[in-house]
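Got the model open in your viewer? Let's walk through it one selection at a time.

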Amino acid sequence: MLGGKEYDMEEKELEANEKSVMEHMLEQLQVGRVDVKAYSPLALAYMGDAVFELIIRTMIVSKTNQQVNKYHKKSSSYVKAEAQANLIKKLEPYLTKEEEAVYKRGRNAKSYTTAKNASMIDYRMATGLEALIGYLYLKNDWKRLMELIHIGLFESE
């Protein structure tokens, strides 16, 4: 068993050699990496929607074993536009300037669709949050992504 500095050095070497899930996917699919700043805000939101859904589903399924319709009902309460708008309101004080700029680009993007059961303000804020999530995912900054989601979901105001 390693202690102190030896353990830290070995852990850092392992981290440096590990590939992200996204890097593995791109490699296996023989797809090149695109500069994250080149994506449109709606492309970032498209990715962020899927990533957020996956995170929420993972969290819910990990808590208990139950019927799929109950999983769906629970996850829907987190991913609907109103809930996402409330989440980003809570996160705004914690965002860096760069993150805030990405959020605002997503929020202000001209979308040709609207949510069925959400106000336009909530829908735009949710789109901004999804753009931020997509940006952090494509930047491969999982640590920051999970930090923000944890703050938004579990820390009281």
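Start with a cartoon of the whole chain: from the N terminus on, the elements run α-α-α-α-α-α-α-α. That makes eight helices and zero strands, where helices (H or I, at least four residues) and strands (E, at least two) are DSSP runs numbered from the N terminus. You're looking at a predicted model, in which local features need pLDDT of at least 70 and side-chain atom pairs count only at pLDDT 80 or more, while totals for chains, interfaces and linings use all residues. Residues are numbered from 1 along each chain as its sequence is written, and side-chain values use heavy atoms, with hydrogens and water left out.

**Colour by confidence**

Now colour by pLDDT, the predictor's confidence in each residue, from 0 to 100. The chain's mean is 84, and 86% of its residues reach 70 or more. Which helices mark the two ends of the scale for mean pLDDT? Helix α1 (residues 4–17) has the lowest, at 49, and α6 has the highest, at 96. Select residues 1–7 as well: pLDDT stays under 50 there, and the model gives this stretch two contacts beyond four places in sequence. Contact here means heavy atoms within 4.5 Å.

**Switch on the surface**

The accessible surface comes to about 10,700 Å², with 55% of it belonging to carbon and sulfur atoms. These areas are Shrake-Rupley values with a 1.4 Å probe, and for residues only the protein chains shown count as cover. Of the 157 residues, 34% count as buried; buried means under 20% relative accessible area, exposed over 50%, and partly exposed in between (1.4 Å probe, protein chains only).

Next, select Val21, Met25, Leu29 and Val31, which make a nonpolar surface patch of about 390 Å². Patches like this are built from residues with over 30% relative accessible area and no salt bridge; nonpolar side chains (Val, Leu, Ile, Met, Phe, Trp, Tyr) are joined within 5 Å, and like charges within 9 Å. Val21 sits in helix α2 (residues 21–28) and counts as exposed because its relative accessibility is 58%.

**Go inside**

Hide the surface and show side chains. In soluble globular proteins, nonpolar side chains tend to be buried together. The largest nonpolar core in this model has 33 residues, and those with the most contacts inside it are Leu44, Phe52, Ile56, Ile88, Leu91 and Leu145. Helices α3 (41–63), α4 (68–79), α5 (81–91), α6 (97–108), α7 (120–138) and α8 (142–154) each give two or more residues to this core. The largest share, nine residues, comes from α7. A core here is a set of buried Ala, Val, Leu, Ile, Met, Phe, Trp, Tyr and Cys residues joined through side-chain atoms within 4.5 Å.

Centre on Ile88. Leaving aside neighbours within four places in sequence, Ile88 is in contact with Leu95, Tyr103, Met125, Leu129 and Leu132. Across the chain, 69% of contacts between residues at least 6 apart in sequence join residues at least 24 apart.

**Pick out the charged pairs**

How many salt bridges are there to find? The count is five, taking a salt bridge as a side-chain nitrogen of Lys or Arg within 4 Å of a carboxyl oxygen of Asp or Glu.

Select Glu99 and Arg144 together: their side chains meet in a salt bridge (2.7 Å, N to O). This pair links distant parts of the chain, with Glu99 in helix α6 and Arg144 in helix α8, 45 residues apart. Both are buried. Add Glu147 to the selection, since salt bridges that share partners join Glu99, Arg144 and Glu147 into one network. Glu99 has a relative accessible area of 4%, so it is buried. Beyond four places in sequence, Glu99 is in contact with Tyr94, Leu132, Leu136, Arg144 and Leu148.

Now try Arg57 and Glu53, whose closest N and O atoms are 2.7 Å apart. Both lie in helix α3, four residues apart, about one turn of the helix. Arg57 is partly exposed at 46%, whereas Glu53, at 19%, counts as buried.

Then take Lys139 and Glu98, a salt bridge with its closest N and O atoms 3.6 Å apart. Lys139 is in the loop between α7 and α8 and Glu98 in helix α6, 41 residues apart.

**Last stop**

Stay in the loop between α7 and α8 and click Asn140. Its phi is near 65 degrees, a positive value in a residue other than glycine. Asn140 is partly exposed, with a relative accessible area of 28%.
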